[in-house]
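Please look at the sequence and the structure shown below, and then follow the account from one strand to its neighbours and on to an enclosed space.

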Amino acid sequence: MIRKLFVLASPWFLFFFASHAAAAEKIRVAFVSPSATQSPVWIAKEAGFFAKQGLDAEVLLLTGSPRMVQTLISGDIDYAIVGATAAMRARMRGADVVMLATAANLSNMKLLVGRDSGIRRLEDLKGKALGVSQYGSDADGFARMVVEKAGLKPDKDVPIIQLGGHPQVAAAIAAGKIPAGVLGGLALLTAQKSGATLLTSGAKLKAAALSGSLATTSGRIQRNRDSVMRFMRAFVDAVRYFKTNPDGTLPILQKYMGGISNEQARVAYEETLEVMEDFPVPAERGIQAVLDRESDPKAKTFKPSNFIDLSFLREIDRGGLVDKIYRK
């Protein structure tokens, strides 16, 4: 009798579980470079945090922050891990882009110089070309900040050229086509293998900047706030996983950073660990730093709060971390 009931019930169970699986919401999430600050979305995918929240996420690489912002605006992707500068510029120009979180509030960018560049100090950059991924990217913003720190003028004293992406910058340094470049992620290792050396970094300079910023559109929030809330819960869980589970994180870094060795993954992990926030709140001073670097007079009419929506993190927060990090 029990066996008969089981046979009769089996199709119902199969239908139930198939329907449940089919109910997972499909989303597309893009990240701008294979850098460990981009890893919360990789972890959310691989460690099952997206699935736990009923999300079937396609996670893809799309280089160049300005290009990614345009893709986000067009609706071809739902979420973007993107350079804050590009997202904020789009917002200032009236685009429907809003930042929800950030992995770090210090720049993760690094300035590398070629083996035969002759550059030993920041001041030696004068008259030398400095490569970045794209104008308006985090790399571009960091490059201009470093040049100004050296008492030089971007473009006038130090020509800043865009090469399309971090891999292209690394390749140009390795080939000796440019003496210096700003890099992040896997491209950093490529340049170092060619003999390029680190001149300075965002962490060393304590450069206020948002790294691994998460953006979406206000339209998506209005259409399906519950979906965005579930995404944010997965994102926060992934950040916590990164901070507390290096053994689980390293294989994920290896997968998304081009099959790097375990040793290389550990270096990338430890570099990121020192700047990644415990709770992914964008700091006001990091947003303001982007505004301060803008040459467009319109930037002076905006406040940091014009670019972010902290309501999701506030709902998740249980320890007052949102205000503590935002105001620091």
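A convenient place to enter this predicted model is the pairing of Ile81 with Leu214, the residue that serves as its bridge partner in strand β10. That contact belongs to an antiparallel pairing in which strand β3, covering residues 79-82, is joined to β10 over 3 bridges.

Strand β10 also pairs with strand β4, residues 98-106, and here the two strands run antiparallel and are joined by 6 bridges. One of the residues to look for in this pairing is Leu106, whose bridge partner in β10 is Ala208. Strand β10 itself spans residues 208-216 and is mostly covered, with 9 of its 9 residues buried; buried is meant here as under 20% relative accessible area.

From the strands, one can turn to the enclosed space in the model. The structure holds 1 cavity of 30 Å³ or more, and the volume of the largest cavity is about 130 Å³. Its lining is made up of 17 residues, among which Val32, Ser65, Met109, Asp138 and His166 are the closest to the centre of the cavity. Strand β10 returns at this point, since the elements that give two or more residues to this lining are β10 and α6, the latter covering residues 138-149.

What is the make-up of the lining of the largest cavity by class? The lining has 12 polar residues, together with 4 nonpolar residues and 1 charged residue. Strand β10 thus links the parts of this account: β10 pairs with β3, β10 is joined to β4, and β10 gives two or more residues to the lining of the largest cavity.

Terms used:
Residues numbered from 1 in each chain as written. Predicted model: local features only at pLDDT ≥ 70, side-chain atom pairs only at ≥ 80, totals over all residues. Heavy atoms only, no water. Buried < 20%, exposed > 50% of the residue type's maximum accessible area, 1.4 Å probe, protein only. Helix = DSSP H or I, 4+ residues; strand = E, 2+ residues; numbered from the N terminus. Pairing = 2+ DSSP bridges. 1 Å grid on protein atoms, 1.4 Å probe; cavity = no way out; pocket = protein on both sides within 12 Å on 5 of 7 lines; lining within 4 Å. Points joined across faces, edges and corners; volume = space filled by probe spheres on them. Nonpolar A, V, L, I, M, F, W, Y, C, P; charged D, E, K, R; others polar.
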